[in-house]
Amino acid sequence: MALARFRCWLRRFLRLTREVPRRNGVTALQYRLLLQIDAFPGREWSTVPELAERLQIKHHSVEALISRCETAGLVSYSATRGDERRVEVRLTPSGKRCLECAGRLHRDELVEASRFFVPGFGQDA
């Protein structure tokens, strides 16, 4: 019973993660990139290899995605001070606004998800 409810919620959540970015004018993958940059621990930027790892896509695919996001005004990138080979990818104000709008729509779903991760969940299974 509990597993069925969880799987139903998970399917709804995954559908929402595809639809919400579209409502904000970005693709689901662009949204995931913005989210990973914003959520990177300890700093406000990330590198291409770090993003490739977190998104589980190839390095050259991340570079293409960053380029599309830069064209859309969502991110900026520049060489790291002291190491011209390393690039810092940052959210622009427009990218932050896009992320905040989508985040508000996701928040309600995350509140609902919390009921699956509380003590006693699954005891009726």
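What follows is a set of questions and replies on a predicted model of one protein chain.

Me: What makes up the protein chain in terms of helices and strands?
Reply: There are five helices and three strands. From the N terminus, the order is α-α-β-α-α-β-β-α.

Me: Why is Cys 69 called buried?
Reply: Its relative accessible area is 0%. Buried means under 20%. Cys 69 therefore counts as buried.

Me: How do you know that Cys 69 is in no disulfide?
Reply: A search of the whole structure finds zero disulfides. For Cys 69, the nearest cysteine sulfur belongs to Cys 98, 8.8 Å away. A disulfide needs the two sulfur atoms within 2.5 Å, so this pair does not qualify.

Me: What keeps Cys 98 from being counted in a disulfide?
Reply: The nearest cysteine sulfur to Cys 98 is that of Cys 101, at 7.0 Å. The cut-off is 2.5 Å, so Cys 98 is in no disulfide.

Me: Is Cys 98 buried or exposed, and what makes it so?
Reply: Cys 98 has 8% relative accessibility. The limit for buried is under 20%, so Cys 98 is buried.

Me: Why is Gln 36 called buried?
Reply: The relative accessible area of Gln 36 is 19%. Buried means under 20%, so Gln 36 counts as buried. Gln 36 belongs to helix H2, residues 28-38. Setting aside neighbours within four places in sequence, Gln 36 contacts Leu 51, Arg 54 and Leu 55.

Me: Why is H2 called roughly perpendicular to H4?
Reply: H2 packs against helix H4 (residues 59-71) at about 90 degrees, with the axes 10 Å apart. Roughly perpendicular covers 65 to 115 degrees, so H2 is roughly perpendicular to H4.

Me: Which residues meet where H2 and H4 pack?
Reply: H2 brings Leu 29, Gln 30 and Leu 33. H4 brings Leu 65, Ile 66, Arg 68 and Cys 69. Cys 69 is the residue with 0% relative accessible area discussed above.

Me: How do you know that the charged end of Arg 43 sits over the ring of Trp 45?
Reply: The charged end of Arg 43 is 4.0 Å from the ring centre of Trp 45. The distance limit is 6 Å, so that part of the test is met. The test also asks for a position within 35 degrees of the ring normal. Arg 43 is counted as sitting over the ring.

Me: How many aromatic pairs does the structure hold?
Reply: Zero.

Me: What share of the protein chain counts as buried?
Reply: Of its 125 residues, 33%.

Key:
Residues are numbered from 1 along each chain as its sequence is written. This is a predicted model: local features need pLDDT of at least 70, side-chain atom pairs count only at pLDDT 80 or more; totals for chains, interfaces and linings use all residues. Side-chain values use heavy atoms; hydrogens and water are left out. Rings of Phe, Tyr and Trp (its six-membered ring) pair if their centres lie within 6.5 Å; planes under 30 degrees apart count as stacked, over 60 as edge-to-face and the rest as tilted. Buried means under 20% relative accessible area, exposed over 50%, partly exposed in between (1.4 Å probe, protein chains only). Helices (H or I, at least four residues) and strands (E, at least two) are DSSP runs, numbered from the N terminus. Contact means heavy atoms within 4.5 Å. Axes are lines fitted to C-alpha atoms, for helices over the stretch in contact, and angles run from 0 to 180 degrees between N-to-C directions. Angles under 35 degrees count as roughly parallel, over 145 as roughly antiparallel, 65 to 115 as roughly perpendicular and the rest as oblique.
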